[in-house]
Amino acid sequence: METRTIGRTGLDVTTLSFGCAGIGNLYRAVSREDAEATLAMAWGAGIRYFDTAPRYGHGLSERRLGDFLRDKPSDAYVVSTKVGRLLKPVPENEVPDYGFVDPLPFRADYDYSYDGVMRSLEFSLARLGLNKVEILFVHDIGALTHGAEENARHFRDLMDGGMKALDELKSAGVIKAVGLGVNEVEICLETMARTPIDCILLAGRYTLLDRNAEAELLARCAEAGTSLIIGGVFNSGILATGAKPGAPFNYEPASEDILERVRGLEAVAQKHGVSLGGAAMAFPLMSPVVASVLIGTAKPSSLERNLDLLKETVPAAAWPEFEAFALRS
């Protein structure tokens, strides 16, 4: 599989990467066997970059990914995990509902401080059962997650301490790249104005439909040498299912405006003999600042379907026609 380099780090990742929220029981319980089978299919397809986080299944995703990778050559894959939350053990009847089914018995406390980052990495390595990860993302910093007032406090902690920890870890060779793992453009621009970062895992904001990153962030990344890893290429489902009644966009039923835009995208795709999902998968990789497209599932059949979509060739003439239906803020 093709690889691209993360920023100026020299770290290469496969252009298709595997997101491990699903194997952490996101929205539904997944057996260990199904999780392993899905990871095995990803590996067999040539995917060598895997992204996880403490939040996913309250540590379950990290455990399952580490178990799968343990017998693989350590120089054959890239792993990213995230900082910003510390897991704390709690009684079974006090496990919070973060959208994961049958998670491990922990709660997550936000901590973007120097000590919080260092402890988070230490705990993640223990759950993974590995002695290294290559990329650390700061997870869900931003007003979208925390609200403006709380985020101001967390952002101060990150700028005053957490980034110092990340820079030390990178300088010491413990990790190879530092980034953000977020769903909003504004916090990316705010962070990049304060400190250099190698990469951004951005979900849902640079897709065939949603172009919020296009106006400013792409140019800023190109100037700074910051790579994008694009998640949420189907905008939580609608670019996979099409404009069906109740189709989700950004985790909510799509509005009539969004449905109408997607109908237009579908018509363009049909005209050019490609699927809407195939165009959605191909779109981000047209930009040189995008290093990888992240897909996440816990079902081998879903992964196989996405791998097939990636094989489609979208005619060059289709791209200008898609532009008319893109959502720009």
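**Close-up views of a predicted model**

**View 1. Thr 191, a buried residue.** Thr 191 is buried, because its relative accessible area is 0%, under the 20% cut-off. The model shown here is predicted. Thr 191 belongs to helix 6, which spans residues 185–194. A polar atom of the Thr 191 side chain lies 2.8 Å from the backbone oxygen of Ile 187. Leaving out residues up to four places away in sequence, Thr 191 touches Phe 155, Met 159, Leu 180 and Ile 197.

**View 2. Helix 5 against helix 6.** Two packed helices are described by the angle between their axes and the distance between the axes. Here the axes of helix 5 (residues 148–171) and helix 6 come within 12 Å. They cross at roughly 35°. The crossing of helix 5 past helix 6 is right-handed. Helix 5 contributes Asn 151, Phe 155 and Met 159 to the contact. Helix 6 contributes Ile 187, Glu 190, Thr 191 and Arg 194. Sorted by class, the contact of helix 5 with helix 6 has 3 nonpolar, 2 polar and 2 charged residues. Thr 191 of View 1 is thus seen again, as part of this contact. Its partners Phe 155 and Met 159 appear on the helix 5 side.

**View 3. The closed barrel.** Eight strands form a closed barrel with parallel pairing, in the order 3-4-5-8-9-10-11-14. From one strand to the next, the twist averages 25°. One of the pairs joins strand 10 (residues 199–203) to strand 11 (residues 227–231). This pairing is parallel and runs over 5 bridges. Cys 199 stands opposite Ser 227 in strand 11.

**View 4. Ala 177 in strand 9.** Strand 9 covers residues 177–182 and includes Ala 177. Strand 9 is also one of the barrel strands. Is Ala 177 buried or exposed? Ala 177 is buried, because its relative accessible area is 0%, under the 20% cut-off. Setting aside neighbours within four places in sequence, Ala 177 is in contact with Ile 6, Thr 9 and Leu 11, with Glu 134, Ile 135 and Leu 136, and with Asp 198 and Cys 199. Val 289 is 112 residues from Ala 177 along the chain. The C-alpha atoms of Ala 177 and Val 289 are separated by 15 Å.

**View 5. Helix 3 across two strands.** Helix 3 (residues 114–128) lies across strand 5 (78–83) and strand 8 (135–139). Helix 3 runs at about 135° to strand 5. Both strand 5 and strand 8 belong to the closed barrel of View 3.

Definitions and conventions:
Residues numbered from 1 in each chain as written. Predicted model: local features only at pLDDT ≥ 70, side-chain atom pairs only at ≥ 80, totals over all residues. Heavy atoms only, no water. Pairing = 2+ DSSP bridges. Helix = DSSP H or I, 4+ residues; strand = E, 2+ residues; numbered from the N terminus. Axes fitted to C-alpha atoms, helices over the stretch in contact; angles between N-to-C directions. Contact = heavy atoms within 4.5 Å. Buried < 20%, exposed > 50% of the residue type's maximum accessible area, 1.4 Å probe, protein only. Polar contact = N/O pair within 3.5 Å; in protein donor to acceptor, adjacent residues only side chain to side chain. Left-handed = near helix turned anticlockwise from the far one by under 90°. Nonpolar A, V, L, I, M, F, W, Y, C, P; charged D, E, K, R; others polar.
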